[in-house]
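Work through the following exercises with the sequence and the structure side by side. Try each task before you read its solution.

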Amino acid sequence: MFCPECKSEFENGIIHCHDCGVSLVESLPELAGFKWKVVKQYSGYIPAEMAKEVLEGNSIPAFIKGDFISTAYGVRTWDIAGGKAVLFVPKEDLEKAKTIIDEMTVDEP
Ligand SMILES: [Zn+2]
């Protein structure tokens, strides 16, 4: 299930996005049109979201898939046990996205 506002993916059974307060949808048409590739895996949601914002600022669509049980309850910390966030970008933007992310100075714990 996906939030149409923030594009986060949630576990089945969750029906609305805690952050945006909107009902989740089964698929996002704007996400379905791309072939998504993993650009980077993060240890938490926050650095992944920062990278996503930078990519979107560079006109690269991105979405994050991860341990969204935690985000569903409004908890976003650096060290959710076992929490991971994987950042995806369209295949055709992968190299550009990697370059941008490499230039970012995100210090992960
Ligand atoms: Zn949302």
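**Exercise 1. Find where Lys7 lies, and describe its backbone and its surroundings.**

Step 1. Lys7 belongs to the segment before α1, where helices (H or I, at least four residues) and strands (E, at least two) are DSSP runs numbered from the N terminus. Before going on, note that this is a predicted model, in which local features need pLDDT of at least 70 and side-chain atom pairs count only at pLDDT 80 or more, while totals for chains, interfaces and linings use all residues. Residues are numbered from 1 along each chain as its sequence is written.

Step 2. Most residues other than glycine have a negative phi. Lys7, although not a glycine, has a positive phi of about 70 degrees.

Step 3. A residue is buried if 20 or more other C-beta atoms, placed from the backbone, lie within 10 Å of its own, exposed if 12 or fewer, and partly exposed in between. Lys7 has 18 C-beta neighbours inside 10 Å and therefore counts as partly exposed.

**Exercise 2. Decide whether Ser59 is buried or exposed, and describe its backbone.**

Step 1. Ser59 sits in the loop between α2 and β2, and its phi is positive, about 65 degrees, although Ser59 is not a glycine.

Step 2. Because Ser59 has 8 other C-beta atoms within 10 Å, it is exposed.

**Exercise 3. Describe the places and surroundings of Gly13 and Ile14.**

Step 1. Gly13 is found in the segment before α1, and Ile14 has its place in the segment before α1 as well.

Step 2. Gly13 has 8 other C-beta atoms within 10 Å, so it is exposed, whereas Ile14, with 17 other C-beta atoms within 10 Å, is partly exposed.

Step 3. Turn now to distances between C-alpha atoms. Gly13 and Met1 are 12 residues apart along the chain, and their C-alpha atoms are separated by 8.4 Å; for Ile14 and Leu24, 10 residues apart along the chain, the separation is 7.8 Å.

**Exercise 4. List the elements of the chain and work out the order of the strands in the sheet.**

Step 1. The chain has four helices and three strands, and read along the sequence they follow the pattern α-β-α-β-α-β-α.

Step 2. The three strands form an open sheet in the order β1-β3-β2, with antiparallel pairing; two strands pair if DSSP finds at least two bridges between them. β1 and β2 stand at the edges, each with a single partner strand, so one side of each is left without a neighbour in the sheet. Direction ignored, neighbouring strands of this sheet are turned by 30 degrees against each other on average.

Step 3. Six bridges join β1 to β3. Lys37 stands opposite Val89 in β3, and Tyr42 has Ala85 in β3 as its bridge partner.

Step 4. Four bridges join β2 to β3, and here Lys65 stands opposite Val86 in β3.

**Exercise 5. Identify which residues touch the most other members of the largest nonpolar core.**

Step 1. A nonpolar core is a set of buried Ala, Val, Leu, Ile, Met, Phe, Trp, Tyr and Cys residues joined through C-beta atoms within 7 Å.

Step 2. The largest such core has 14 residues, of which Ala48, Ala62, Ile64, Ala85, Leu87, Phe88 and Val89 touch the most other members. The elements that give two or more residues to this core are β1 (36-42), α2 (45-57), β2 (63-66) and β3 (85-90).

Step 3. Take Ala48 as an example, remembering that two residues are in contact if their C-beta atoms, placed from the backbone, lie within 7 Å. Leaving aside neighbours within four places in sequence, Ala48 is in contact with Tyr42, Ile64, Gly66, Ala85 and Leu87.

**Exercise 6. Find where the confidence is lowest and where it is highest.**

Step 1. The chain averages a pLDDT (the predictor's confidence in each residue, from 0 to 100) of 80, and 79% of the residues score at least 70.

Step 2. Confidence is lowest in helix α3 (residues 68-72), at a mean of 48, and highest in helix α4 (residues 94-103), at 94. Over residues 77-81 the pLDDT is below 50, and beyond near neighbours in sequence this stretch has nine contacts in the model.

Step 3. Where pLDDT is low, the predicted coordinates should not be read in detail.

How values were computed. Axes are lines fitted to C-alpha atoms, for helices over the stretch in contact, and angles run from 0 to 180 degrees between N-to-C directions.
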